[in-house]
Amino acid sequence: MSQPSNKPTLTPQFCFNETALRVDFLRLSRATIDDSIIQNLNALVTPAREGFDPSSTAERQVQPPRRRPIDPATCQGFKEKVLFQSWQTRSDVLNYCAGVALDPMDPDLVLREAETAKDRERVVDERLDPYSGRFFPREARTESLGNLIRNERGVEGIVRARTWALVTERCGDVGVRWEEALNRWRESTEAR
């Protein structure tokens, strides 16, 4: 069985480092749990008790083979110990970084204001440089981080919906949305 994602040390530097946040943590976490959900679910199935039957290959199978059911207790254990744990870890990181993005004390603010003042004072002949009249201020790091977090939350919703559809198909939790299942899990872990 896969292991849930390890929670990184949460610091503002971690959040502002897009490579560490997006690639090293979010993509790796999604790849090990959500992107390989079919393999993870197949690993929960107990191997066949009877041996291989050579007659099963004598005729072409027109219908797709029925998937073997997963033991409900095993499936529930996977959801509680691996799936929901990974989702919660990613939610915690995204929530922390969203808080960092809302912090009004952006360390680059002073530098950006100095650049803005310097660029406004510049005098350049537009005949020599037609683009000198345009001024493109840099986006604040906090704004950039906020946009990244917003995008990653959207991706997270899509990934979770896709994963949950496969989990419900194999485990039989039909009719329960992933948000409801995750909230129930959160409530049960808080009660412990």
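Helices, here taken as DSSP runs of type H or I with at least four residues, are numbered from the N terminus.

**Figure 1. Overall view of the predicted protein chain.** The model shown is predicted. Its secondary structure consists of seven helices and zero strands, and the order of elements from the N terminus is α-α-α-α-α-α-α. The protein chain has 192 residues, and 33% of these count as buried. Among contacts with a separation of 6 or more, 79% join residues that are 24 or more positions apart. The accessible surface of the chain amounts to about 13,100 Å², and carbon and sulfur atoms account for 52% of this area.

**Figure 2. The salt bridge between E156 and R160 in helix α6.** Helix α6 covers residues 141-171 and holds both E156 and R160. The two residues are four residues apart, about one turn of the helix. In an α-helix there are 3.6 residues a turn, so residues three or four places apart point the same way. The closest N and O atoms of E156 and R160 are 3.0 Å apart, and the pair forms a salt bridge. Both E156 and R160 are buried.

**Figure 3. The salt bridge between E18 and R22 in helix α2.** The side chains of E18 and R22 meet in a salt bridge with an N to O distance of 3.1 Å. Helix α2 spans residues 18-32, and because E18 and R22 are four residues apart in this helix, about one helical turn separates them. Are these two residues buried, partly exposed or exposed? E18 counts as partly exposed because its relative accessibility is 40%. R22, with a relative accessibility of 21%, also counts as partly exposed.

**Figure 4. The salt bridge between D34 and R90, and the network of salt bridges.** D34 and R90 form a salt bridge in which the closest N and O atoms are 2.6 Å apart. This pair links distant parts of the chain, with D34 in the loop between α2 and α3 and R90 in helix α4, 56 residues apart. D34 and R90 are both buried. By the rule applied here, the model has 10 salt bridges. Which residues are linked with D34 and R90 in a network of salt bridges? The network also includes E18, R22, R30, E152, E156 and R160. The pairs shown in Figures 2 and 3, E156 with R160 and E18 with R22, thus belong to this network.

**Figure 5. The largest nonpolar core and a second core.** The largest nonpolar core has 20 residues, of which L41, F78, L83, F84, W87, W164 and V167 touch the most other members. Elements giving two or more residues to this core are α3, α4, α6 and α7, the last of these covering residues 178-191. The largest share, six residues, comes from α4. A second, separate core has 15 residues, including L94, C97, V100 and L145.

**Figure 6. The surroundings of L41 and N42.** Apart from neighbours within four places in sequence, L41 is in contact with I70, F78, L166, V167, R170 and C171. L41 is also one of the residues that touch the most other members of the largest nonpolar core. N42 lies in helix α3. This residue is partly exposed, with a relative accessible area of 39%. Between N42 and I70, which are 28 residues apart along the chain, the C-alpha separation is 8.3 Å.

**Figure 7. Helix α4 and its bend at K79.** Helix α4, made up of 31 residues, extends 42 Å from its first C-alpha to its last. This span is close to the 45 Å expected at 1.5 Å a residue. At K79 the helix bends by about 40 degrees. Q76 is also located in helix α4. With a relative accessibility of 33%, Q76 counts as partly exposed.

**Figure 8. The loop residue D173 and its contacts.** Where is D173 found? D173 lies in the loop between α6 and α7. Leaving out residues up to four places away in sequence, D173 touches K79, W164 and T168. K79 is the residue at which α4 bends, and W164 is one of the residues that touch the most other members of the largest nonpolar core. D173 and Q76 are 97 residues apart in sequence, while their C-alpha atoms are 9.9 Å apart in space.

Terms used:
Residues numbered from 1 in each chain as written. Predicted model: local features only at pLDDT ≥ 70, side-chain atom pairs only at ≥ 80, totals over all residues. Heavy atoms only, no water. Buried < 20%, exposed > 50% of the residue type's maximum accessible area, 1.4 Å probe, protein only. Contact = heavy atoms within 4.5 Å. Areas by Shrake-Rupley, 256 points an atom, 1.4 Å probe, with all protein chains shown as cover. Salt bridge = Lys/Arg side-chain N within 4 Å of Asp/Glu carboxyl O. Core = buried A, V, L, I, M, F, W, Y, C linked by side-chain atoms within 4.5 Å. Expected span 1.5 Å × (residues − 1). Bend = angle between axes of the 7 residues up to and from the residue.
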